[in-house]
Amino acid sequence: MINFIQIDPNGLCNAGCWFCPVSLVGNPKEHISQMPPELYENIIKQIHELKGDLINPNLHFVYASHYNEVLLYRYFEQMLQTLQKYNLTLCILTNGVPLTPNKVDLINKYPGVVSQIAINAPVYEKRLFSKRTGMKEVLFDKLISNIKYAEQNLHNPNVLLLQINGINERSNIIKKEKFPELEPDEFKHQVNIAKLLFPNIRITEQWNLIDRAGLMDDVMESKLPSGNVIGCSTKRDTEWLHVSPKGEVFLCCNDYHMDYTFGDLNTSSLKEIWMSDKRKRVLQTAFKSICTSCSSAIFENA
């Protein structure tokens with residue numbers, strides 16, 4: 001049964017954070033597109049109709065976060081309207097720069113539709129902003145003013161949180177050749193700065209960075225056992241639905257290039273794709289290839 005859903009209507013990010021594949025290879029060119037709002041609604045309608053069958057009847061939210069910036073989706077308001085129509089909510093992952101006052105005001109027009117806005121930024125100092133995010137330094141001031149506006153004007157400010165990415169002694173990675181020269185205790189320092197700047201906003205510390213199934217092995221490498229893969233610890237293979245901007249159903253969040261596809265929602269129904277033999281074959285192939293390099297893999301006898 002599907003318990004989690006990630007639909008990504010926009011295939012482009014405006015940042016290039018040091019821990020993200022976008023900084024190395026850019027967004028996959030063949031998926032830099034905008035999902036037509038009619039296709040988005042068709043997918044959401046199918047999800048609504050399949051609750052209690054293929055989909056958990058208690059599922060009430062969808063994610064949008066496959067290395068892209070959903071706030072740049074040109075049909076963002078239509079997306080909110082569709083989610084409201086089918087009684088679903090949206091979890092937004094954003095770098096914060098496109099979270100403009102206009103976007104906050106738009107979110108307020110559809111109360112209850114956005115259940116979370118997670119601002120995913122690694123630093124809260126202007127002098128490090130460009131180095132760590134790949135964006136122009138001048139945009140740092142925009143990030144801070146956007147967060148302040150959201151905090152002061154969101155009808156429900158409790159949906160706002162700051163996710164700060166970095167490494168500490170618990171991070172399960174090996175530093176490689178292109179690993180950036182981070183400052184001593186940079187992660188801890190940035191968390192403390194964010195707490196001082198925004199004492200009333202919830203902050204989460206994202207120290208468990210991963211190499212995205214080996215895609216970032218020039219920067220960092222996840223420490224993994226070896227052997228046969230028999231499952232996924234995050235159940236991405238059995239409980240998650242991932243949909244690309246083109247409407248293709250693909251493997252998971254670590255399938256960066258969306259190579260492991262099961263079917264196309266432009267031409268087939270969600271249930272047909274999920275129950276297909278092709279999906280079974282693709283999963284079997286993935287367990288012998290991409291999953292062997294993934295930190296979420298469950299290894300036999302590990």
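This is a short talk on two pockets and one helix pair in the structure above.

Okay, quick one today. Keep in mind that what we're looking at is a predicted model. Let's start with the empty space. The largest pocket comes out at about 1300 Å³, and 50 residues line it. If you want to find its centre on screen, go to Ser65, Leu93, Arg212, Arg236 and Cys253, which lie nearest to it. Strands E3 (89-94), E4 (114-120), E5 (160-165) and E9 (229-232) are the elements giving two or more residues to that lining. E3 has the largest share, with four residues. By class, the lining splits into 28 nonpolar, 18 polar and four charged residues.

Now, pocket number two. The second largest has a volume of about 370 Å³ and a lining of 24 residues. Nearest its centre you'll find Ile167, Asp185, Glu186, Phe187 and Lys188. Which helix gives the largest share of this lining? That's H7, residues 186-197, with seven residues. Here the classes are nine nonpolar, five polar and 10 charged.

Last bit: helix packing. H2 (residues 37-49) and H3 (residues 76-85) have axes that come within 10 Å and cross at roughly 20°. Anything under 35 degrees counts as roughly parallel, so that's what we call H2 and H3. Their crossing is right-handed. On the H2 side, the contact is made by Pro37, Tyr40, Glu41 and Ile44; H3 brings Gln78, Met79, Thr82, Leu83 and Lys85. That contact has five nonpolar, two polar and two charged residues.

That's me done, thanks.

Technical notes. Residues are numbered from 1 along each chain as its sequence is written. This is a predicted model: local features need pLDDT of at least 70, side-chain atom pairs count only at pLDDT 80 or more; totals for chains, interfaces and linings use all residues. Side-chain values use heavy atoms; hydrogens and water are left out. On a 1 Å grid over the protein atoms alone, a cavity is a set of points where a 1.4 Å probe fits but cannot get out, and a pocket is an open set with protein on both sides within 12 Å along at least five of seven lines; lining residues have an atom within 4 Å of a point. Grid points are joined across faces, edges and corners, and a volume is the space filled by probe spheres set on the points. Ala, Val, Leu, Ile, Met, Phe, Trp, Tyr, Cys and Pro count as nonpolar, Asp, Glu, Lys and Arg as charged, and the others, Gly among them, as polar. Axes are lines fitted to C-alpha atoms, for helices over the stretch in contact, and angles run from 0 to 180 degrees between N-to-C directions. Angles under 35 degrees count as roughly parallel, over 145 as roughly antiparallel, 65 to 115 as roughly perpendicular and the rest as oblique. A crossing is left-handed if the near helix is turned anticlockwise from the far one by less than a right angle, and right-handed if clockwise. Contact means heavy atoms within 4.5 Å.
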